[in-house]
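Here are a few exercises to work through with the model open in your viewer. Try each task before reading its solution.

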Amino acid sequence: MTTGLVDVSLEGHVATVTLSRSEALNALSGEMADQVGGAFLQAAAQPDTWVIVLAAEGEKAFCVGADLKERNQLDDRGWHRNRIFMKGMFEAIRTVPQPTIASVFGYALGGGCELALSCDLIVASDDAVFGLPEVRVGIVPGGGGTQLLARRVGVARAKELIFTGRRISGEIAHEWGMVTTVVPRGSLAVATAELSRSSPVGVREARFAIDRGMEVPLQQGLELEELAWRRAVASDDRTEGIAAFNEKRDPDWKGH
């Protein structure tokens, strides 16, 4: 389905939400942010969706962040209205039940970088460039950047990047633990698909244990892991996964 600024497609069990404003380097207007958030919620609501990929059209940029030309026309009330769309978009990406993967090429700056950070995993092409330059125009990252980046690369590096607005390559982002893997531009789609082959039940439960466990003391985190383990063991995917391993074949996941 195409909404004008965003395209949503489902291939197998992988839903792809594609930013489709390449003529503006996929800059996020308020309308576009609203459509992206709605696309994630729509994809998540489909029972056949096991993974959601965030991709983009174009050659130069995954997303250069907020549409500053639009923002230049906003009064204070407009800024706060725009904020509702932006905040809703980032919350939708972070809270869908399926694992999410950002497929990033070219520039991923400001809100574009935060879009990637909002996903569970980031696959980057070898020409990817990441940055959070908000302080250079008198604002701060508002899509989770101050929190998500620090959790991935550590407080000191996050402060350096945010305080200076410095851009880093995909390779450095990978070295720092921000990016899952870096591949040649032509291999981006294949590398992203490789991360979508595990048991949907196993991935979902592992994601639950990791994300919830980061918010609590270790002992409570271990208890959450025990809960996730028990739910996975009770699933059809566990039965299929063990059988496929012993029969030396690819598993036919059931997703339950």
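**Exercise 1: the middle of the sheet**

Ile101 has Leu121 in E7 as its bridge partner. This is a predicted model, where local features need pLDDT of at least 70, side-chain atom pairs count only at pLDDT 80 or more, and totals for chains, interfaces and linings use all residues. Residues are numbered from 1 along each chain as its sequence is written, and side-chain values use heavy atoms, with hydrogens and water left out.

Task: work out which strands E5 pairs with, and whether its residues are buried or exposed.

Solution, step by step:
- Start with E7: four bridges join E5 to E7, and the two run parallel. Strands (E, at least two residues) and helices (H or I, at least four) are DSSP runs, numbered from the N terminus, and two strands pair if DSSP finds at least two bridges between them.
- Now take E3, which pairs with E5 in the parallel sense over three bridges; here Leu54 stands opposite Ala102 in E5.
- Next, check burial: five of the five residues in E5 are buried (under 20% relative accessible area, with a 1.4 Å probe and protein chains only).
- Finally, split them by face. In a regular strand, side chains alternate between the two faces of the sheet. In E5, Thr100, Ala102 and Val104 sit on one side, and Ile101 and Ser103 on the other.

**Exercise 2: the whole sheet**

Task: find the strand order and the edge strands.

Solution, step by step:
- The sheet is open, with six strands in the order E1-E2-E3-E5-E7-E10 and mixed pairing.
- Its edge strands are E1 (6–11) and E10 (181–183), each pairing on one side only.
- At the E10 end, E7 (residues 121–125) pairs with E10 in the parallel sense over three bridges, and Ala124 stands opposite Val182.

**Exercise 3: two helices**

Task: describe how H1 packs against H3.

Solution, step by step:
- Two packed helices are described by the angle between their axes and the distance between the axes.
- For H1 (residues 30–44) and H3 (residues 76–95), the angle is about 25° and the axes are 8 Å apart. Axes are lines fitted to C-alpha atoms, for helices over the stretch in contact, and angles run from 0 to 180 degrees between N-to-C directions.
- That angle makes H1 roughly parallel to H3 (the label for angles under 35 degrees).
- For the contact (heavy atoms within 4.5 Å), H1 supplies residues including Phe40 and Leu41, and H3 supplies residues including Phe85 and Met89.

Conventions. Parallel < 35°, antiparallel > 145°, perpendicular 65-115°, else oblique. Buried < 20%, exposed > 50% of the residue type's maximum accessible area, 1.4 Å probe, protein only.
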